[in-house]
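Take a walk through this fold, from the chain as a whole down to single side chains. Keep the viewer open as you read.

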Amino acid sequence: MMSTEKKTDEKSDEERDGKRVDVPTAMRQASAQLTELLQCEPGSVSAVKATEDGWSADVEVVELERVPDTMSVMASYRVELDPRGTLLSYERLRRYARGQIDRR
């Protein structure tokens, strides 16, 4: 069994060896790979964070184009990437009209 210290040291070595892509690359790859799978227009990456297993990103895509543009249907997807930026999984979190504002 590996200690937490060992995992942290290995992760640092992985990052130094260039095996983990940087944040901008993770953002681009999350958006591009999801867009390719869904065949939808990319919107934006609204969140990205490093995880123990790679990267997690929230990607916004246009699912249905509508006129006016503010009525287009958008969707937010959670995308999981490995340390090198390869897509491992995705799930749709929500759908909404482009002009919709979150209320808190």
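The paragraphs below go from the overall layout to the sheet, the helix packed on it, the core and one threonine.

This is a predicted model. The protein chain has 2 helices and 4 strands. Along the sequence they follow the pattern α-α-β-β-β-β. The helices therefore precede the strands, as the pattern α-α-β-β-β-β, built on DSSP runs numbered from the N terminus, shows. Of the 104 residues, 30% count as buried. The accessible surface comes to about 7,200 Å². Carbon and sulfur atoms hold 49% of that surface. Now consider contacts with a separation of 6 or more: 41% of them link residues 24 or more positions apart.

Start with the sheet. How are the 4 strands ordered? They form an open sheet in the order S1-S2-S3-S4, with antiparallel pairing. Strand S1 (41–51) and strand S4 (87–97) are the edge strands. Each of these two pairs on one side only. From one strand to the next, the twist averages 20 degrees. In general, strands of a sheet pair through backbone hydrogen bonds. Look at S1 and S2, which run antiparallel and are joined by 9 bridges. Ala50 stands opposite Trp55 in S2.

Next, bring in helix H2, which spans residues 23–38. Which strands does H2 lie across? The answer is S1, S2, S3 and S4. The helix runs at about 45 degrees to S2.

The largest nonpolar core has 14 residues. Ala30, Leu34, Val59, Val61, Val79 and Leu81 touch the most other members. H2, strand S2 (54–64) and strand S3 (73–81) each supply at least two residues of this core. Select Val61 to see its surroundings. Neighbours within four places in sequence are left aside here. Val61 is then in contact with Leu34 and Leu38. Cys40, Glu41, Pro42 and Gly43 are also in contact with Val61. So are Val73, Met74, Ala75 and Tyr77, which complete the list for Val61.

Finish on Thr25, which sits in helix H2. Is Thr25 buried or exposed? Its relative accessible area is 17%, and the cut-off for buried is under 20%, so Thr25 counts as buried. The side chain of Thr25 also has a polar partner. A polar contact of 3.2 Å joins the side chains of Thr25 and Arg28.

Notes. Residues numbered from 1 in each chain as written. Predicted model: local features only at pLDDT ≥ 70, side-chain atom pairs only at ≥ 80, totals over all residues. Heavy atoms only, no water. Buried < 20%, exposed > 50% of the residue type's maximum accessible area, 1.4 Å probe, protein only. Polar contact = N/O pair within 3.5 Å; in protein donor to acceptor, adjacent residues only side chain to side chain. Core = buried A, V, L, I, M, F, W, Y, C linked by side-chain atoms within 4.5 Å. Contact = heavy atoms within 4.5 Å. Areas by Shrake-Rupley, 256 points an atom, 1.4 Å probe, with all protein chains shown as cover. Pairing = 2+ DSSP bridges. Axes fitted to C-alpha atoms, helices over the stretch in contact; angles between N-to-C directions.
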